[in-house]
Amino acid sequence: MGRMTASSGRRVLLAAPRGYCAGVDRAVIAVEKALEQYGAPIYVRHEIVHNKYVVQTLEKKGAVFVERTEEVPEGNIVMFSAHGVAPVVHDEAKQGRLATIDATCPLVTKVHKEAVRFANEDFDILLIGHEGHEEVIGTSGEAPDHITLVDGPSDVSKVEVRDPSRVVWLSQTTLSVDETMETVDALKEKFPQLISPPSDDICYATQNRQLAVKQMGEEADLVIVVGSKNSSNSVRLVEVAKLAGARAAYLVDFADEIEEAWLEGVTTVGVTSGASVPEILVEQVLEWLSGRGYEDVELVKAAEESITFSLPKELRRDLREEAAALVAERTGSDRTAPSGQ
Ligand code: SF4
């Protein structure tokens with residue numbers, strides 16, 4: 001309270017790490033590179049990452065987002081998003097004569113591989129995750145007959161398995177660490193021989209962002225999480241902030257969604273962002289807060305991150321040519337069909 005500017009005590013705690021993780025960074029760059037290399041349009045199945053701003057920016061550059069593979073006209077290039085897809089989607093693309101780029105985050109692929117391995121060993125797999133989330137749909141599709149979704153501790157009582165001595169749990173990568181452990185504890189009580197995954201399925205980025213927000217939640221009156229409503233890891237950050245002690249926590253896509261009323265009686269504002277959020281959106285929030293007297297920004301550092309992933313290998317090939325060849329193949333077989341009659 002020594003300085004004049006600090007008389008109000010208003011300050012911002014800024015989480016570190018926050019924002020882009022290695023999987024999102026890779027997926028966004030993959031779309032940009034594909035547009036550069038092959039020209040527009042590049043079709044993307046589902047939002048490449050769950051962030052409005054990112055999707056809108058890529059759309060302006062020539063990316064076309066579709067919900068279903070069948071919406072992509074044959075002979076085109078389609079990219080699969082960071083959340084991953086079920087094997088059946090690869091088949092759909094083949095049938096639709098599409099060249100594909102798979103931008104699935106390698107840490108999601110890791111979970112897919114675990115699912116395949118345990119299914120091959122005929123385990124029942126209890127997949128902890130949120131029903132309907134794209135990642136869960138993709139992972140379940142690897143071994144639909146072996147996987148049962150467990151959406152939180154309240155689902156545990158319903159879970160049934162064939163053989164309680166051959167059960168393993170896996171999880172979505174973007175869950176709340178604490179809530180997942182609650183679910184695991186409840187599952188273990190029911191199935192004492194439950195096996196844990198060989199390594200964490202909740203990814204490093206999700207864990208680190210939760211750790212930072214937990215630290216700031218203890219001190220902040222209000223926490224603002226920048227992220228989209230369909231972004232699982234961003235929604236989890238709001239929950240973690242509240243559990244850590246923040247009086248209120250809100251999710252906003254853009255600074256102009258912040259309401260003046262949220263600041264009433266607030267001295268310390270925590271700011272963070274989900275793994276799919278570009279830093280410019282956080283900067284705009286800091287500017288908005290600074291305009292209202294929250295100028296002092298302190299970093300709350302929970303971890304260092306240095307992970308990066310190499311770009312999808314398909315980008316090294318001439319995919320326009322591949323897609324054209326797929327169509328030519330079909331046209332060729334169409335031509336031969338009538339003559340055979
Ligand atoms: S949140 Fe984790 S799993 Fe998802 S894209 Fe980022 S690094 Fe990969």
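Modeller: pLDDT is the predictor's confidence in each residue, from 0 to 100. This is a predicted model, and the mean pLDDT of the protein chain is 94.

Colleague: How many of the chain's residues reach a pLDDT of 70 or more?

Modeller: 95% of them do.

Colleague: Where does the pLDDT stay under 50?

Modeller: Over residues 1-6, a stretch with three contacts beyond four places in sequence. Residues 336-341 are also below 50, and there the model shows zero contacts beyond near neighbours in sequence.

Colleague: What makes Cys21 a residue that surrounds the ligand?

Modeller: A residue counts as near a molecule if one of its heavy atoms lies within 4 Å of it. Cys21 is in the set around the ligand, along with Gly23, Val24, Cys105, Leu107, Thr173, Thr174, Cys203 and Tyr204.

Colleague: How do the residues of that shell divide?

Modeller: Six are nonpolar, three are polar and none is charged. Gly counts as polar, so Gly23 falls in the polar group.

Colleague: Why is the ligand said to sit in the largest cavity?

Modeller: The term applies if more than half of a molecule's atoms lie within 2 Å of the cavity's grid points. The ligand sits in the largest cavity, so it meets that condition.

Colleague: Which residues does the UniProt annotation "binding site" cover?

Modeller: The unreviewed entry lists His50, His83, His133, Ser231, Ser232, Asn233 and Ser276. From this set, the lining of the largest cavity takes in His50, His83, His133, Ser231, Ser232, Asn233 and Ser276.

Colleague: Where are His83 and Ser231?

Modeller: His83 is in the loop between strand S4 (77-80) and helix H3 (87-95). Ser231 lies in the loop between strand S9 (222-226) and helix H8 (232-244).

Note on methods. Residues are numbered from 1 along each chain as its sequence is written. This is a predicted model: local features need pLDDT of at least 70, side-chain atom pairs count only at pLDDT 80 or more; totals for chains, interfaces and linings use all residues. Side-chain values use heavy atoms; hydrogens and water are left out. Contact means heavy atoms within 4.5 Å. On a 1 Å grid over the protein atoms alone, a cavity is a set of points where a 1.4 Å probe fits but cannot get out, and a pocket is an open set with protein on both sides within 12 Å along at least five of seven lines; lining residues have an atom within 4 Å of a point. UniProt positions are given in the numbering used here, feature names are shortened, and annotations may be inferred rather than shown by experiment. Helices (H or I, at least four residues) and strands (E, at least two) are DSSP runs, numbered from the N terminus.
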